[in-house]
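Hi,

Here is the model I promised to pass on. Have a look, and my notes follow below.

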Amino acid sequence: MDKYLYPDVVKLTLANELDVVLAYKRARQLSALTGMNLPSQTKFATAVSEMGRNVVEHVGSGTIQFSIGEQTGRLYLTAIITDRGRGIPDLDAILNVAHPDIRTKGCGIIHSRRLVDLFQLDSHPDRGTRAQLSLRIPVRHPVFSKAVVESWQEQFRREIHVSPYEEIKQQNMDILDVLEALRLKSIETDHQLDEIRKLNADLAQSNGEITQLLAERSDANALLGKMNKELEQFAYTVSHDLKAPLKNIEGFLNLLRKIPEVTEHDRASLYCDMLLEQVRRMDKLIFGILSYAKSGREQVEKTTVQMEKLLRGVIDSLSIPAGMQIHLGGGLPVLVAEEIYLQQLFGNLISNAIKYHDRPEGNITVQCQANEGFYQFSVADDGPGIPAQYHDKIFRMYYTLNGSAAKDSTGLGLAIVQKITAEKGGKAWVESTGRGATFYFTWPR
Amino acid sequence: MGSFLLVTIQVDLYDRLALNLETDLIRMVSETDARGVLIDISAVGLVDSFMGRILNNIATMSRIMDAETVVVGMQPAVAITLVELGLTLAGVHTALNVERGMELLHKRLGSDVREGGRFYGNSE
């Protein structure tokens with residue numbers, strides 16, 4: 001071409017067979033617009049189709065550019081088809097075939113060459129292939145101008161959506177949009193599912209906590225019920241036991257009032273002694289009740305307690321009858337514990353052993369055994385022993401076995417022992433067969 | 001006796017569609033026991049070597065399956081192009097329109113054949 005009047009009328013990419021369809025459609029439209037008759041339009045479109053298909057089939061992709069050019073005073077409609085392939089290897093052989101069959105390879109090039117007025121083909125292994133197909137525009141062609149060419153371009157742009165290819169492309173775009181929306185929706189759903197799972201986990205945890213709280217509440221209720229029962233029993237026995245010395249005091253006071261003269265001093269003195277005895281008894285009872293109420297519940301500071309020393313102190317504080325021997329076993333430990341509780345425990349157990357002994361002479365032995373996690377203390381006597389059916393009952397409040405020996409008893413000693421050991425996580429019990437009884441309790445190490 | 005298959009091509013045939021036409025048609029010939037295939041290309045504005053090859057293939061395969069192929073309704077411009085190319089559609093009979101094509105088939109096969117039809121492509 002000497003020069004191009006309109007070098008870039010339409011440019012298309014050739015990437016698939018549908019692009020080839022679009023290319024030959026454009027070729028037909030442009031040849032019609034430039035005034036060619038129907039056979040020429042068909043020839044040009046066919047030539048474009050042949051070369052375009054070669055590009056898609058052998059290279060994969062390329063471009064086609066339509067232009068209007070001038071050579072030796074004549075106007076031509078030109079299609080330049082380029083690709084970046086490796087060239088056509090046996091081009092000379094292909095071009096020299098005189099009568100190509102449609103089954104022959106490369107017949108498209110020969111066909112294309114036959115259909116156009118100017119045919120130029122450059123093929124190079126590095127630069128790819130460039131085919132230039134030009135068909136003469138009739139002498140009596142419509143007027144061409146920049147505006148006219150622009151109006152064609154506008155027409156192509158408007159019409160682009162009615163071509164099947166563009167339609168399919170558009171539908172593909174729509175489908176891709178829908179897929180993208182679905183993908184986003186799916187992500188959102190996943191997110192919501194995660195949230196639901198998290199909420200479920202939270203809920204499960206809350207449920208667990210509530211169940212635990214309910215269990216704790218039910219335990220607390222049970223404990224409360226037990227304590228209420230104990231309290232009821234306690235109130236009953238306390239009122240009953242406190243009444244007894246009061247009745248006695250009332251009786252003695254009435255007797256004192258009836259004494260006519262002061263001369264009967266001896267009798268008055270006797271009544272006063274008895275009154276004092278009853279008052280002491282009440283005092284002891286009240287002290288016992290207070291000890292029981294406080295036992296194991298008070299926040300007492302722990303100190304280092306040498307058990308042997310503590311036991312000697314307890315023994316010194318008790319009035320031991322002359323015939324009673326108290327033996328301390330070896331290996332008594334040093335504890336870090338609430339000293340007052342240990343004093344209460346041993347005080348009660350040793351005084352019980354003395355109090356309920358049925359002979360003037362006897363032996364009491366205190367021992368300790370170190371076990372895994374706890375110490376086991378024992379206070380053994382050689383007294384009358386305790387029948388098996390009372391082994392549990394004696395630990396109840398106000399339960400005393402021997403009426404005569406119990407004259408000085410509050411019936412609270414063993415209840416206190418049991419309560420303190422229970423509060424410390426241990427237990428207290430008695431073992432006795434025949435003569436002698438051994439009281440045990442455990443204490444945490 | 002078998003029937004005729006009438007195929008009307010009403011869209012631009014791109015390669016895959018053309019190859020589908022080829023296989024569909026051969027399958028239909030087999031299924032319907034057709035003795036004749038009429039391919040109406042009156043809406044086709046272009047027959048290049050690829051399209052020519054497709055028509056040729058259809059005719060060759062039909063003949064193997066004992067059916068005749070007639071291409072009808074070729075536009076004059078298409079015919080001119082084919083002439084300029086020197087393309088002969090070997091083994092493919094041609095007729096001006098469907099009626100003439102039917103006549104041709106009847107003449108070649110005798111008159112006792114049923115007629116059936118099948119359209120290819122959309123109805124635009």
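Which strands does helix H8 (residues 307-317) of chain A lie across? Helix H8 of chain A lies across S7, S9 and S10 of chain A, at about 165° to S7(A). Contact here means heavy atoms within 4.5 Å; axes are lines fitted to C-alpha atoms, for helices over the stretch in contact, with angles from 0 to 180 degrees between N-to-C directions. Helices (H or I, at least four residues) and strands (E, at least two) are DSSP runs numbered from the N terminus.

A word on the source: this is a predicted model, where local features need pLDDT of at least 70, side-chain atom pairs count only at pLDDT 80 or more, and totals for chains, interfaces and linings use all residues. Residues are numbered from 1 along each chain as its sequence is written, chains are lettered from A and ligands numbered from 1 in the order written, and side-chain values use heavy atoms, leaving out hydrogens and water.

The sheet under H8 is open and mixed, with five strands of chain A in the order S7-S9-S10-S12-S11 (strands pair if DSSP finds at least two bridges between them). Its edge strands are S7 (324-328) and S11 (428-431) of chain A. S9(A) and S10(A) run antiparallel, joined by eight bridges, and Cys368(A) has Phe377(A) as its bridge partner.

Elsewhere, Ile81(A) sits in strand S3 (residues 74-83) of chain A. Ile81(A) is buried (under 20% relative accessible area, 1.4 Å probe, protein chains only), at 2%, and the residues it touches include Leu14(A), Val48(A) and Met51(A).

Best wishes

Note on methods. Buried means under 20% relative accessible area, exposed over 50%, partly exposed in between (1.4 Å probe, protein chains only). Lists of a residue's contacts leave out its neighbours within four places in sequence.
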